[in-house]
Amino acid sequence: APALEIKNLVLEYPGRGRKNKVRAVDDVSLTIERGEILGLVGESGSGKSTVGRCAIRLLDPTAGTVSVGGRDITKLSTKQLRPLRRYFSIVFQDPASTLDPKMTIGESIAEPLVLHKVLSGNALTSRVTELLDQVQLSGHYRNRYPHELSGGQRQRIAIARALALEPKLLIADEPTSALDVSVQAKVLDLFLDLQQSLHFACLFISHDLAVVDLLADRVAVMRKGELVEVGERDQVLHAP
Ligand code: ADP
Ligand code: ADP
């Protein structure tokens, strides 16, 4: 089964009045195979983030279905969803969305492993070291706090945390857009290395075609809530 299969997804935000619903996503269908990176591009406000949030049930679809690894998650209860949460993960544009300022880096990375009761004690400590190493940060960082790190370092920690449970699907929502250009390139290189060694499938959301050109296998284009094109990267980005 594909890592992610979205069928006829519709998402309406409530809006202010009863009649002012915002249809942020309108009948979007897309598939991501295992180990594949699908770049999702489009102007700001076209609905990319909303698709990403629906893909892992951070939002409940108004209509349509979302399946991860062949399992329809659209109607699962919170309790039924919990074990599946190991399967997928998300990295946001702003690492502050996932990193608690009061937790050390080590605690932040360990938290998913602790919550899912995967590791404890020495095994947990060495797994955190391994994850820090994977994002090219020394073990010394485990006792630091987010505010003591640079933006690029914080985003690398958010990535390490997202990968702690070895997800098969990662939603990357503009993960490098808030970084300085030079830092952005380094984090993207790292991201691509990680994806190639860990083989997670990825929905990579970006408004930046150059970024998507660098790492996507296939590219999907959104406009005003609709999916207007999807195909191989070169076909979508470089067709004459
Ligand atoms: P993108 O990621 O492409 O910038 P979004 O998915 O963030 O697009 O937004 C799509 C549309 O939905 C926009 O019109 C946006 O204003 C609207 N929107 C996003 N989040 C909310 C929300 N929480 N409540 C109401 N409208 C929203
Ligand atoms: P992006 O385009 O990267 O998704 P935005 O700046 O559009 O980011 O949105 C940032 C946050 O504000 C998101 O959590 C989004 O859901 C929310 N948001 C966006 N548009 C609206 C809106 N019209 N009403 C309420 N919340 C919104």
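R218 first. Is R218 buried or exposed? R218 counts as buried, because its relative accessibility is 18% and the cut-off for buried is under 20%. Keep in mind that this is a predicted model. R218 sits in strand β9, which covers residues 218-223. Its side chain has a polar partner. That partner is the side chain of E36, at 2.7 Å. Now the wider surroundings, leaving aside neighbours within four places in sequence. R218 touches T31, I32, E36, I37, L38 and G39. R218 also touches V230, G231, E232 and R233. So E36 turns up twice: as a contact of R218, and as the residue whose side chain makes the polar contact.

On to ligand 1. Which residues surround ligand 1? Here is the list: Y13, A24, E43, S44, G45, S46, G47, K48, S49 and T50. By class, that shell divides into two nonpolar, six polar and two charged residues. Helix α1, residues 48-55, gives the largest share of the shell, with three residues.

Let me go through some polar distances. Y13 has an N or O atom in its side chain 3.4 Å from a nitrogen atom of ligand 1. G45 uses its backbone: a polar atom there is 2.7 Å from an oxygen atom of ligand 1. T50 uses its side chain: a polar atom there lies 2.5 Å from an oxygen atom of ligand 1. How much of ligand 1 does the protein bury? Ligand 1 alone exposes 560 Å², and the protein buries 59% of that.

Now ligand 2. Around ligand 2 we find S44, S49, R53 and Q93. S49 places a polar side-chain atom 2.9 Å from an oxygen atom of ligand 2. Taken alone, ligand 2 exposes 550 Å², of which the protein buries 25%. The shell of ligand 2 holds no nonpolar residues, three polar and one charged. Note S44 and S49. Both are listed around ligand 2, and both are listed around ligand 1.

Back to helix α1. Why call α1 largely enclosed by the rest of the structure? Because six of its eight residues are buried. The buried ones are K48, T50, V51, G52, C54 and A55. Two of these, K48 and T50, are also in the ligand 1 list. After α1 comes R57, with a positive phi.

That brings up backbone angles. Most residues other than glycine have a negative phi, and most peptide bonds are trans. R57 is not a glycine, yet its phi is positive, near 60 degrees. R57 lies in the loop between α1 and β4, the latter being residues 63-68. R57 is buried, because its relative accessible area is 15% and buried means under 20%.

N8 is another such residue. Its phi is positive, about 50 degrees, and N8 is not a glycine either. N8 is in strand β1, residues 4-13. Which class does N8 fall into, buried, exposed or partly exposed? N8 is partly exposed, at 41% relative accessibility.

Next, the cysteines. How many disulfides are there? The count is zero. C54 is in no disulfide; its nearest cysteine sulfur belongs to C202, 17 Å away. C202 is in no disulfide either, and the nearest cysteine sulfur to it is that of C54, at 17 Å. Why is neither paired with the other? A disulfide needs sulfur atoms within 2.5 Å, and these two are 17 Å apart. C54 counts as buried, at 0% relative accessibility. C202 counts as buried too, also at 0%. C54 is one of the buried residues of α1 we just went through.

Last stop, Q136. Where is Q136? Q136 lies in the loop between α4, residues 121-134, and α5, residues 151-163. Q136 counts as exposed, because its relative accessibility is 54% and exposed means over 50%. Leaving aside neighbours within four places in sequence, Q136 is in contact with R156 and L190. One long distance to finish. Q136 and D72 are 64 residues apart along the chain, and their C-alpha atoms are separated by 36 Å.

Conventions: Residues are numbered from 1 along each chain as its sequence is written. Chains are lettered from A and ligands numbered from 1 in the order in which they are written. This is a predicted model: local features need pLDDT of at least 70, side-chain atom pairs count only at pLDDT 80 or more; totals for chains, interfaces and linings use all residues. Side-chain values use heavy atoms; hydrogens and water are left out. A residue is near a molecule or strand if one of its heavy atoms lies within 4 Å of it. A polar contact is a pair of N or O atoms within 3.5 Å; within protein, one must be able to donate a hydrogen and the other to accept it, and residues adjacent in sequence count only if both atoms are side-chain atoms. Accessible areas come from the Shrake-Rupley method with a 1.4 Å probe; for residues, only the protein chains shown count as cover. Ala, Val, Leu, Ile, Met, Phe, Trp, Tyr, Cys and Pro count as nonpolar, Asp, Glu, Lys and Arg as charged, and the others, Gly among them, as polar. Helices (H or I, at least four residues) and strands (E, at least two) are DSSP runs, numbered from the N terminus. Buried means under 20% relative accessible area, exposed over 50%, partly exposed in between (1.4 Å probe, protein chains only). Contact means heavy atoms within 4.5 Å.
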